[in-house]
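The following exercises are to be worked through with the sequence and the structure at hand. Each task is followed by a solution in steps.

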Amino acid sequence: MMTNQTDATLSFFDYGDHTIKVMCSMSNGKEQVYVDEQLVSEKRSFRYHSTHQFELDGKKAEIRVKVASIFKGPYYIEFSVDGKAVDSDEWDLARMLAHLKQLRQQQPLWQRLGVYFMFGLLGGACGALIGYSLAIWFKG
C-alpha cells in the first residue's frame, strides 16, 4: 500500500487496464513505482537521473526520473514501454508548492497549530539561552 508523503511529487500514468503511480520525495530522494497499487520498484536516488525497470503485460516498461535542479526542479517523469514513450509528467517549483499547500490544508487544525507551538517553544528556548549567554559575557 502506498503511503502519503507531504514532500513528494505524485504522478499517474494509464496503460491498458493498469494504473502506474510514481512517487518521488524531494527531501530524502526516495522513489517508488506502483502498478495497480503493488510496489514494483523502489530506490533512493540523489542523482539527476534514475531509471526504474519492470515488466508490464509481458513487455519491458521503464520509468525515468530526471531532475534539472534538486532544490527547485523541474522534475521530469517519463513512462515508456518497449522503448516507446507513452506519457510524461513535469513538476516545477510552483506546482510542487501548490501540491504541498493542498496537503497541508487537509491536515487537521490542531496538528498545524501544534507544529507552530513547538517551533515557538524551541525558538523561545534558543532566544533565552543566547540572551543569558550574552548577559554573562557582557557582565564580566
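**Exercise 1.** How many residues lie between E5 and E6 in the hairpin, and which residue in the turn has a positive phi?

Solution. The model examined here is a predicted one.
- Step 1: Locate the two strands, E5 at residues 49-56 and E6 at residues 59-67.
- Step 2: Two residues stand between E5 and E6 in this hairpin.
- Step 3: In the turn, Asp-57 has a positive phi of about 55°.

**Exercise 2.** Determine the sense in which E5 and E6 pair, and name the residue of E6 opposite Leu-56.

Solution.
- Step 1: The pairing of E5 with E6 is antiparallel and runs over eight bridges.
- Step 2: Opposite Leu-56 stands Lys-59 of E6.

**Exercise 3.** Sort the side chains of E5 by the face to which they point, and state which face holds the buried ones.

Solution.
- Step 1: Recall the general rule that side chains in a regular strand alternate between the two faces of the sheet.
- Step 2: To one face point Ser-50, His-52, Phe-54 and Leu-56, which are buried.
- Step 3: To the other face point His-49, Thr-51, Gln-53 and Glu-55, which are not buried.
- Step 4: The cut-off applied is that a buried residue has under 20% relative accessible area.

**Exercise 4.** Which parts of the chain does the salt bridge between Glu-42 and Lys-30 tie together?

Solution.
- Step 1: The structure holds five salt bridges, and one of them joins the side chains of Glu-42 and Lys-30 at 3.1 Å, N to O.
- Step 2: Because Glu-42 belongs to strand E4 (residues 38-44) and Lys-30 to strand E3 (residues 30-35), the pair ties together parts twelve residues apart in sequence.
- Step 3: Glu-42 is partly exposed, its relative accessible area being 41%.
- Step 4: Lys-30 is also partly exposed, with a value of 22%.

**Exercise 5.** Which residues are linked with Glu-78 in a network of salt bridges?

Solution.
- Step 1: The side chains of Glu-78 and Arg-64 form a salt bridge of 3.3 Å, N to O.
- Step 2: This pair links distant parts of the chain, with Glu-78 in strand E7 (residues 75-81) and Arg-64 in E6, 14 residues apart.
- Step 3: Glu-78 also forms a salt bridge with Lys-66, where the closest N and O atoms are 3.6 Å apart.
- Step 4: Here again E6 and E7 are linked, Lys-66 and Glu-78 being twelve residues apart.
- Step 5: Glu-78 is partly exposed at 21% relative accessibility, and Lys-66 is partly exposed at 32%.
- Step 6: The network consequently comprises Glu-62, Arg-64, Lys-66 and Glu-78.

Conventions: Residues numbered from 1 in each chain as written. Predicted model: local features only at pLDDT ≥ 70, side-chain atom pairs only at ≥ 80, totals over all residues. Heavy atoms only, no water. Buried < 20%, exposed > 50% of the residue type's maximum accessible area, 1.4 Å probe, protein only. Helix = DSSP H or I, 4+ residues; strand = E, 2+ residues; numbered from the N terminus. Pairing = 2+ DSSP bridges. Salt bridge = Lys/Arg side-chain N within 4 Å of Asp/Glu carboxyl O.
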